[in-house]
Amino acid sequence: MTGSRSKTVILWSIVWFNLIALSLPTIIILGASFTAGDIVQFPPDGFSLKWYAKLWLLDDFKDAFLRTLYVSVICTIVSIPAGTLAALALARYRIRFMTAIQVYLLLPFTIPLVVSGLGMMIIFGEVRILGQLWPVGIGLCCINLPFMMWAVSATVNALDNDLENAAANCGAPPLQAFLTVTLPAVMPGVITGALLMFILAFNEFLVSLFLTDARIVTLPVSIYNSIRSVITPDLAAVSVVYIVIAFFAVWLLDRLVGLELFLKSK
Amino acid sequence: MPGIIFLCRAILRLFMTSSDTPSFRYPFSWRLLDRAESVVALWPRRWAGLTGYLFLIPALLLVFVLVLGLVYICDYSLHELDIATYRLKDAFSLVNYQTALKSVTYKTVVLRSLGASAIVTLITMMLAFPYAYVMVRTPSSFTRKFLLISLFLPFFIGQVVRAYGWLIILGKEGLLNTVITSLGLPSIKLIYNYPAVLLGLVQYMLPFAVLLLAPAVTSISEDVELASESLGANWIQTFWHVVLPLAKPGLIGSGVVVFTLTLTDFAMPEILGGGTTDFIANSIYDGFFQISNPGLGAALSMILVTLGSVIVTIIFFLSGTGTLVTTGNTP
């Protein structure tokens, strides 16, 4: 880095402030989940793993966790082909009204989540699928789809057009060229996108709040419902599930595509 | 009609057995691929120009669900609630909009949301830019990785869990108040107020802002900074006159995202505000589920959509679209 000592000091103090703000809630939740007492307080009542031992006995949270997993898997499975094909179409094919279609496909980001959630609640109610679990997965796919397309289109631009032509020239029929040349080339984008879709679906709260009822609450809604003024350690232990999954996702993303990918300028 | 014939032939082709001799068979995957290939080949040559549109159909349909939802909400907003039956009347009217626009409560809520968006955007950008800058410019790959991981971890942890973390820290018998009382000072109310919501929102927006800023910082050549400093500018002047203007597209893009996400947020005001600092989204929720007036809630939704669109359009009009609109779709 160029510049003087004062620059380093000022920039790094802001960075450290950020680091503390970013990690403090996570660290505190981790700490609270290990308390031996029945409520979270400071200083804690000693160290124990009892809340983790009880975690699997909390049927409500266990069911909510499994439902969230199911919903996120549906969301990911639907978004992989939809997002990948759309990104390929926009980058590779001659499409009329390109700008209009791009703007249209960004609508999930421009329509406020609360409005999207309510709209889907009304529609799912009209076609009588509200109260089932799989529409929640579709709904989460609708609101986060641009992430999938963004991830794929970031890699599809790096793909050389001539590679597909070369494959065709060597006698590969269209599907084979697609499966052995195009798809592997955009795979890092597909993986990044799929991982993002899964994690975002796993965490999505507001839209799930609208699309689920008491029988089929997902984990974020269930945590929200359990937040009371008295803070109990079992909820902290449940929240740690999210922290663990986030750690795993970051590790996976780094292994598969490298986090530095996100620093690249287009 | 040609579509149906095409489908039938495709299905037939998929299940037809090929004339392999029993002594020699190609590997299963080959035969499967050949079969699939012959199905793909049924897509007529003269439709080749339509392949791109075919690829777009699933995504267009998924987004259409949201568009249809918006249409329904727009329709709801134009019908008044019948107090006798608690259903929306059939006749069209603008009563819901009149109620929403005249109400002092909703005016406060809108101003509060707008104010929060402005403050949160300003603070977030001031915090995020140095972070993005240091992350991109640091010579140590270990530091860069560390900063990236610290950014992605909270990014992957949802709003509810993070708000819960803040509750433990700021709550009545939380970490900060314990520290304060142990110093012999009276405990203070840190939660269920406007600053707590703003704090939660800034922390929530930071990863978004940094991740959108980082590519913009990467695209600024370090040589430009060196040139500026070799011409006698100190680092603050270089930052202000060289780095920030060059990063403007990234700043606008990321600022607009933070602004709109804050304007439409629900969870932070709900959990950290405790009902005292409702944003527009909370009022919409209450409209639907507390006072059971979907028409009014829908009208507030349409006002929120309009407000967001108008503000984003004004920003784009004044300062260009930034990095948002051309997101990597130029072949």
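Is A:Asp45 buried, partly exposed or exposed? That was my opening question for this model, which is a predicted one. I looked up the relative accessible area and found 44%, so I noted A:Asp45 as partly exposed. The class follows because partly exposed runs between under 20% for buried and over 50% for exposed.

**Entry: around A:Asp45**

I placed A:Asp45 in the loop that joins helix 1 (5-33) to helix 2 (50-55) of chain A. Leaving out residues up to four places away in sequence, I found that A:Asp45 touches A:Thr35, A:Ala36 and A:Gly37. I also took a long look across the chain: A:Gly139 is 94 residues from A:Asp45 in sequence, and their C-alpha atoms are separated by 43 Å.

**Entry: chain A as a whole**

Next I stepped back to see what kind of fold holds this loop. I counted 12 helices and 0 strands in chain A, so the pattern along the sequence reads as helix after helix, α-α-α-α-α-α-α-α-α-α-α-α. Along the principal axes, the C-alpha atoms fill a box of roughly 70 × 65 × 30 Å.

I then checked how chain A is packed. Of its 266 residues, 53% count as buried. Among contacts with a separation of 6 or more, 73% come from residues 24 or more positions apart. The accessible surface is about 11800 Å², and carbon and sulfur atoms hold 67% of that. For the charges, I noted 15 positive and 14 negative ones, with mean positions 6 Å apart.

**Entry: A:Glu204**

Which side chain of opposite charge is nearest to A:Glu204? It turned out to be B:Arg162, in chain B, at 11 Å. A:Glu204 is buried and yet has no salt bridge. The cut-off for a salt bridge is 4 Å. I found A:Glu204 in the loop between helix 9 (174-203) and helix 10 (206-211) of chain A. Setting aside residues up to four places away in sequence, the contacts of A:Glu204 are A:Leu113, A:Leu140, A:Ile143 and A:Pro220.

**Entry: over to chain B**

Last, I went looking at the surface of chain B. Which residues make the nonpolar patch of about 370 Å² there? I wrote down B:Ile119, B:Leu122, B:Ile123 and B:Met126. I picked B:Leu122 for a closer check and found this residue in helix 5 (residues 104-137) of chain B. B:Leu122 has 56% relative accessibility, so I entered B:Leu122 as exposed.

Terms used
Residues numbered from 1 in each chain as written. Chains lettered and ligands numbered in written order. Predicted model: local features only at pLDDT ≥ 70, side-chain atom pairs only at ≥ 80, totals over all residues. Heavy atoms only, no water. Patch = residues over 30% accessible without salt bridge, like charges linked within 9 Å, V, L, I, M, F, W, Y side chains within 5 Å. Areas by Shrake-Rupley, 256 points an atom, 1.4 Å probe, with all protein chains shown as cover. Helix = DSSP H or I, 4+ residues; strand = E, 2+ residues; numbered from the N terminus. Buried < 20%, exposed > 50% of the residue type's maximum accessible area, 1.4 Å probe, protein only. Contact = heavy atoms within 4.5 Å. Lys, Arg positive; Asp, Glu negative; His and termini not counted. Charge placed at Lys NZ, Arg CZ, Asp CG, Glu CD.
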